[in-house]
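Subject: Structure for you to look at, with notes

Dear colleague,

I am handing over the structure we spoke about, and I would be glad if you could open it beside this message. My notes come after it, so that you can check each point as you read.

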Amino acid sequence: MIITNNLSKNYGGQTALDSLNLSVKTGEIYCLLGANGAGKTTTINLLLGFIEPSSGSAFINQLNVHENPKATKRFLAYIPENLMLYPSLSALENLDYFSGIAGKKISASDLEVFLNEAGLQPEAFNKRISTFSKGMRQKVGIAIALAKEAKVLLLDEPTSGLDPKASNEFGLLLQKLRNKGVATLMATHDLFRAKEVATHIGIMKDGNLKQQLVASDITLQELEKAYLQTMEYKALAL
Amino acid sequence: MISKTFLKETKELLREGRVRIAFVVVILLLGVSVWISARQYENVNQQYEIAKTAERAIWDNQGEKNPHSAAHYGTYAFKPKYPLSLVDQGVDKYAGSSIFLEAHNRNEAQFSAATDQTGLARFGDLTPDFILLFIIPLFIILLGYNSFTKEREMGTLTLLKSQGISSWKWMLGKWAALFLPIFCITALLFLIAGFLLNGLENFGVFSWSSLFTLFLVYIAYYIVFTNLVLLISAKTKKSGISLVISLCVWIIACLAAPKAASNIAETKHPYPTRQEFAANVLKDRREGVDGHNPWSKEAKLLEVRVLQEYGVDSLHQLPFNFDAYRMQKGEEHEAEVYLKHYNHLKNQYSKQTQVYRGLAAISPYLPTRFLSMSIAHTDYATHWDFADAAEDYRVATQKFLNDNFAENSNYGDWGYRADASFWKSLPIFEYDPPELDFILSENFSNILILAFWIASSFGLLILFTKTI
Amino acid sequence: MFSYNFKYELKLLLRSRWIQLLSIILLLLFGFSTFNGLQKVEKRKKDIRAAYVEVQENDEKMLKLLDSVERGMEVSVPRWTIPTSPMAVGNYHPRVAAMEPQSMAFIATGQADLFTHYVKPKVSGNDFAMNFAEMTSPVQLLFGSFDLAFVIIYLLPLLIIAFSYDILSAERESGSLRLLAAQPIKIHTWVLQKLGLRFFWLTLLVVCSLTLVFLVTGLNPLGQLGVFFGLLLLTLGYMLFWFSLAFLVNLGVGNSARNAVMLLGLWVAFVLLAPSLLNQMGNTLYPMPSRTLMINEMRNLKAEVTERQDEILDNFLRDHPEYAINDTTQFRGFYHRYMASQRLIKEELSPIVDAYEAQLKERQDWVDQFKWISPAVIVQESLNQMAGTSTQDYENFRKQVVRFAVGWREHFMPFLYNNKNFTQEDYPQLPKFQYETKAYASFATVPILFLISVGLFTIGFLFSGKTKKGELLTSS
């Protein structure tokens, strides 16, 4: 579902992403780990078509993102680090608006089904977003992804700033989506959550994908060790 | 603390593109407007000199003539342009610059520049006062709207607070950083204007002290705006909102309030139309002696009285020409009628002034505008003063001519001709505008209002920044 | 996408209270300015009516006097004001030459506070010395009037700026833009739709509040459907221009504050600076000859003419024998000489006066050429023309009055030179002034205004394709 071929991005001589080769299949949750500036967000921006690659290409559902910016967005849903919706609209209205402009006409009862599925309490459906916590907003974000019947989910630091319970709930939601056949790419700092939800884990540093792991093969301790080793690599090289 | 904040704010301002661009634009506009006004000033004064000497020559060279014919022939009083009009053009464009002085009638100043211009003129002119009154306050808003809100938005506010700053010192540093560039621009403009005027020939009544007072007025105006902008910035949460509110204040103070004031003033205390005014004057004139009408009731009464006073029983026996005497009495009556009606106008205007003063409570622009015009001798009061001086001169001239007529001829002798050299003995019309002290005392309430604006805005600023 | 934008934009505008706030502001501004305009028009009408009444009363007195004189009775008025003398009628019983306000006069004060709306030309005096300037406090002229034109030209653009400066930047700053951009839509189309919707709502509010204000103040907009629609279309064209600028600025990568500053700069440039610069350049390129010097010239001429009065009268009668065709008395008094020399003065001064007219016209033509640099100038001119208070209207009035004054004078010439008395029978034949309005308003400006706006939108679209979307979405 998500494939990148030698995907690279330079900003005025500085390499943000260096020949990334990545593949996330249906029903997989791929977590990208790495320090700030490792190239995680650049990868997501490239997959969203927000920026143009310097070389290489990215594919969503077999479509080249660069060549079909609009078409690829039909298959993907995206939840930014700090998901901001329209504060003066309610959860239902936000969901209706975002799926509406994406070209989906959904009846009011179905909208409620999606919100329900995303784990939002029914009494919150008609409350304004301005009263919502981050976790609740993210649930609306998931509902938007559900309503859109997205095949690909792109997440940028979704669990930062969430309390452990909310973070856990979010992890369960991701599993639910995975069972529906969604391919998820998630950039995060959160090793624990990554080990919990991911099927695959990649560790990035300075724009390079240094290591790829299968989550079920390792323990959390092993993951932490691998991560720290990768990070120190530069210190040793210096 | 104050100097640290000042330096930091100044650095931030200097590093912002919009500030640099705006600075260049303001300086450029000021330069262009000063240049245009200086040219215009020289041009108008040249014409004034030519017209004045030419008119006097016409008067002096009338040749032999009956003094009353000369009175009807009349002469002109021309209003000069004053040096500080270079800074503030005031109402000059809308007030006429020449008054025809003739027998029996008081005329209004004629030929204002505005009547000779297209409708475009009503948008205003690119003159230094336009920049000083409108654009520089906008510039203050542009520089200062985010002075406090940016600290909130960037999150540096909490950091600053944790450093244990004294809020009023912090505020003062910001205030100084915002005010200094404005002070510099204004000082620069006034210095240039001063040297330009000093360099011009026959600069007449130009005085550095007037220029300096004018400078102080504008500085006071900018202090008020600086305070208001900082006050708004301190009280709002977002830069965008601070900008919008500051702009609303600007629109209300500089655009809406003066216009609304002019509408309210006119509705509450209207001027008569020109024709109405003329008709009213005519009505009152008919009730007194008319120099040209020996048959009227008033003329007959006058006759009886004069005969009694001199103890003679025929007008021919009087030691002077009774025709000329009656002419003079008529003139005096007419002058009185005009005085009454013009006083009514002045009365209406002073009532209108009350409206303007009242609305100054919502607009620091109004007291500044009036003070600035007064000091520059381009206000309505100076125009009145000039018109009154011209009227006094007209009345004196009529007396001068009628006396000559009365003393040198007999009753019924309309063929009398005054000597060709006689006209030269009429004193030349001289007009000196009011002195600075007088102007300031006349404008005391405006000064008071402006001072009140400064004091209250400062007070509020200190009060509100305390709780930041 | 459109139907969803439509539905939710309205919800957002209602919940942020924009619509409510705008309605109140618009109603207040339109109401206050219309009220002011109507008051001015009312005063103008009242003044003119009073002038007519005064003339009528005077006429009745004059007819009574004539009646008395014709019946050989003694009258108690100064000899030279007895209306049997044609010059007395011509000087002391002038007609009112009035310029009645047009139906839409209240929308723009224009030059109405500067010029008088009625004069009474007499047989003596010079036409060009006739004072058309109204007696107004110059402070009022300086500040101007709070009329509908002011609201439309100055304030409406500011409302539009406040309403639309952060359409895109606010989404970016709040973070919802990234979510939007992840949807299969074009951001520029989305901005255009949002702006279009705001334009639609503002238009609706403007039209409704204007109509409401008109109805409340007792004006029937349906009564003058043409002019009313002209006013609306012009306003909409002007609004569209500002929306197109807002579109351009919104597409540029900027934060809300920078957008606001930029739009404000454009407002200052178009509304404040461009017109005054244009005016100043017009004045510099086509300077008016000095009025004070004209006075000198006029005085010299008068002095010269006064000396040759007898000669002038002889020449005049030789050139115009028709005036004295029935004269048997050969009596020649003051007025015979005066009228003849006045005519000469007028002829000799006409080149100087024409120079003013020509210069003013050239200046106007020059301004007409360059008025397109600022829509504010176009709208001001068009509104003044609709109101019948433009410079051209007053010029037209002035010309008609001068023509009437000539006719008035000509009417009495045969009486004067034939030494014929004015009688009661001659009264109905006195010329009367009827102001003929000329429509200067041209609706051609409206489509041009729309074209300019559409052009700006197109430019926005063309350039937006080239700007890097990345910057828009990744910088925060």
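What follows is a description of the contacts between the chains, then of the two sheets in chain A, and finally of two loop residues in chain C. Please keep in mind throughout that this is a predicted model.

**Contacts between the chains**

Of the 2 pairs of chains that touch, chains B and C have the most contacts between them. Chain A and chain B, by contrast, do not touch, and their nearest C-alpha atoms are 16 Å apart.

Where chains B and C meet, 70 residues of chain C are in contact with 70 residues of chain B. On the side of chain C that touches chain B, the elements that give two or more residues include helix H2 (18-70), helix H10 (256-285), helix H11 (291-307) and helix H13 (334-370) of chain C, and strand S2 (118-119) of chain C is also one of them. The element that gives the most to this side is H10(C), with 16 residues. Sorted by class, the side of chain C that touches chain B consists of 33 nonpolar, 26 polar and 11 charged residues.

The other contact takes 26 residues from chain A and 22 residues from chain C. On the side of chain A that touches chain C, two or more residues each come from helix H1 (40-48), helix H2 (69-72), strand S6 (76-79) and helix H3 (91-101) of chain A. H3(A) gives the most here, with 5 residues, and by class this side of chain A has 16 nonpolar, 5 polar and 5 charged residues.

**The six-stranded sheet of chain A**

Strand S6 of chain A, which you have just met at the contact with chain C, also belongs to an open sheet of 6 strands, in the order S6-S7-S8-S3-S9-S10 (chain A), whose pairing is mixed. The edge strands of this sheet are S6 and S10 of chain A, each of which pairs on one side only. On average, and with direction ignored, neighbouring strands are turned by 15° against each other. Helix H6 (residues 164-179) of chain A packs on the sheet, where it touches strand S3 (29-34), S7 and strand S8 (183-188) of chain A, and the direction of the helix makes about 150° with that of S8(A).

At one edge, S6(A) pairs with strand S7 (residues 152-156) of chain A in the parallel sense over 4 bridges, and Ala77(A) stands opposite Leu153(A) in S7(A). In a regular strand the side chains alternate between the two faces of the sheet. In S6(A), Leu76(A) and Tyr78(A) point one way while Ala77(A) and Ile79(A) point the other way, and all are buried.

At the other edge, strand S9 (residues 200-205) and strand S10 (residues 208-214) of chain A pair in the antiparallel sense over 6 bridges. Met204(A) stands opposite Leu209(A) in S10(A), and Lys205(A) has Asn208(A) in S10(A) as its bridge partner. The hairpin of these two strands has 2 residues between them, and Asp206(A) takes a positive phi near 50° there.

**The four-stranded sheet of chain A**

Chain A also holds an open sheet of 4 strands, in the order S2-S1-S4-S5 (chain A), with antiparallel pairing. Strand S2 (14-24) and strand S5 (63-64) of chain A are at the edges and have a single partner strand each, so one side of each is left without a neighbour in the sheet. S5(A) is joined by 2 bridges to strand S4 (residues 55-60) of chain A, and the two run antiparallel; the bridge partner of Phe59(A) in S5(A) is Asn64(A).

**Two loop residues in chain C**

Most residues other than glycine have a negative phi. Arg17(C) is not a glycine, yet has a positive phi of about 65°; this residue lies in the loop between helix H1 (2-15) and H2 of chain C. Arg17(C) is exposed, with 11 other C-beta atoms within 10 Å.

Asn419(C), which is not a glycine either, has a positive phi of about 50°, and is found in the loop between helix H15 (391-417) and helix H16 (445-464) of chain C. Asn419(C) is partly exposed, with 18 other C-beta atoms within 10 Å.

With best wishes

Notes: Residues numbered from 1 in each chain as written. Chains lettered and ligands numbered in written order. Predicted model: local features only at pLDDT ≥ 70, side-chain atom pairs only at ≥ 80, totals over all residues. Pairing = 2+ DSSP bridges. Contact = placed C-beta atoms within 7 Å. Nonpolar A, V, L, I, M, F, W, Y, C, P; charged D, E, K, R; others polar. Buried ≥ 20, exposed ≤ 12 C-beta atoms within 10 Å, placed from the backbone. Axes fitted to C-alpha atoms, helices over the stretch in contact; angles between N-to-C directions.
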